[in-house]
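Subject: Structure handover

Hello,

Here is the structure I promised to pass on. Please open it first, then read my notes below.

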Amino acid sequence: MPLVLNVDYAEKEEAKAKGARWNAELKTWYAPNRKSYPAFSKWIFESFSSGLIVLDSYKVVEADMYCPACDSPTVVVALSFDNYMTFAEPASNVPLPTSVKSNGFSDIVECSDNLVPFSDLRDYPLGLSEHLSTTYNIRGAEVDDNYKSRLTNHCTGCDAPILDEVLFDSEGPFEVGADPNDFECEEHALSSDFIIPNWYE
Ligand SMILES: [Zn+2]
């Protein structure tokens, strides 16, 4: 499963020598398979100092709740996945998470119990945001420090935004310790793996 790389034109020969491939349709370089990801750490760490790479597939996890604004029942969703690896840029004065090896990457973990807010994503797998907006009433609303719109759940009744602070709060359906396997979910295969920034364990 490939991973898209952010390679400057000036560095294309270097990336190519390390085994990066070119996708002419998407006009981007990519790492050809998961074993090769550590070889491209230079470009991954340039964009993200730490994070988690979702491998192979992801799940949209559904929960029922009452809308905080209008009190009618609504469906809200979060992201889950089975296989992943974490990474963190090795820096002399910062201890690495124990799962991360000296090359900056962890082994592959299978059977994750992570539940992640969609607003934590910066780049979305192909087709995901369209699917979420047509199927679940989740779309860009909350705006972050970089003025990027983050995907946010909305009530299916009154259309009020339901923020991730509420959903992942101790009273919310996705509270800490909630098990993704307890919820209805739909699994989607990935045509390329994707990174959730600043997320590791
Ligand atoms: Zn509502």
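Which residue in β12 does Gly 51 stand opposite? The answer is Pro 197. I come back to that pair below, after the overall picture. Please keep in mind that this is a predicted model.

**The chain as a whole**

The chain holds four helices and 12 strands. Its C-alpha trace spans about 55 × 40 × 30 Å along the principal axes. The radius of gyration is 18 Å. A compact globule of 201 residues would come near 17 Å, so the chain agrees with that expectation. Of the 201 residues, 31% count as buried. I also looked at contacts between residues at least 6 apart in sequence. Of these, 63% join residues at least 24 apart.

**Two domains**

The domain assignment splits the chain into domain 1 (1–47) and domain 2 (48–197). Their C-alpha centres lie 24 Å apart. The contact between them takes 12 residues from domain 1 and 14 residues from domain 2. On the domain 1 side, the elements that give two or more residues are β1 and α2 (41–47). Of that side, α2 gives the most, with four residues. By class, the domain 1 side has nine nonpolar residues, two polar and one charged.

**The sheet β1-β3-β2**

Three strands make an open sheet here, in the order β1-β3-β2. The pairing is antiparallel. The edges are β1 (3–5) and β2 (21–23), and each of them pairs on one side only. Neighbouring strands are turned by 45° against each other on average, direction ignored. Look at the β2 side of the sheet next. Three bridges join β2 to β3 (residues 28–31). One pair to find is Trp 22, whose bridge partner in β3 is Trp 29. Recall that β1 also turned up among the elements on the domain 1 side of the domain contact.

**The sheet β6-β5-β11**

This is another open sheet of three strands, again with antiparallel pairing. Its order is β6-β5-β11. The edge strands are β6 and β11, and each pairs on one side only. The twist averages 25° from one strand to the next.

Start with β5 (residues 57–66) and β11 (residues 184–189). They pair in the antiparallel sense over six bridges. Within that pairing, Glu 62 has Glu 184 in β11 as its bridge partner.

Now turn to β6 (residues 73–80). Eight bridges join β6 to β5. Two pairs are worth finding on screen. Val 60 has Leu 79 as its bridge partner in β6. Ala 63 has Val 76. The two strands form a hairpin, with six residues between them. In the turn, Asp 71 has a positive phi of about 70°.

**Strand β4 and its partners**

Next comes β4 (residues 50–55). This strand is mostly covered: five of its six residues are buried. Six bridges join β4 to β7 (residues 83–88), and the two strands run antiparallel. Four bridges join β4 to β12 (residues 194–197), again antiparallel. Here the opening pair fits in: Gly 51 stands opposite Pro 197 in β12.

**A closer look at Val 54**

Val 54 is found in β4. Is Val 54 buried or exposed? It has 27 other C-beta atoms within 10 Å, and a residue needs 20 or more to count as buried, so Val 54 is buried. Across in β7, Tyr 84 stands opposite Val 54.

Which residues does Val 54 contact, leaving aside its neighbours within four places in sequence? They are Phe 81, Tyr 84, Asp 193, Phe 194 and Ile 196. Tyr 84 therefore appears twice in these notes, as the residue opposite Val 54 and as one of its contacts. For a sense of distance, take Leu 163. Val 54 and Leu 163 are 109 residues apart in sequence, and 23 Å apart in space, C-alpha to C-alpha.

Best wishes

Terms used
Residues numbered from 1 in each chain as written. Predicted model: local features only at pLDDT ≥ 70, side-chain atom pairs only at ≥ 80, totals over all residues. Pairing = 2+ DSSP bridges. Axes fitted to C-alpha atoms, helices over the stretch in contact; angles between N-to-C directions. Buried ≥ 20, exposed ≤ 12 C-beta atoms within 10 Å, placed from the backbone. Contact = placed C-beta atoms within 7 Å. Domains from an automatic or database assignment. Nonpolar A, V, L, I, M, F, W, Y, C, P; charged D, E, K, R; others polar. Rg over C-alpha atoms; globule rule 2.2 N^0.38 Å.
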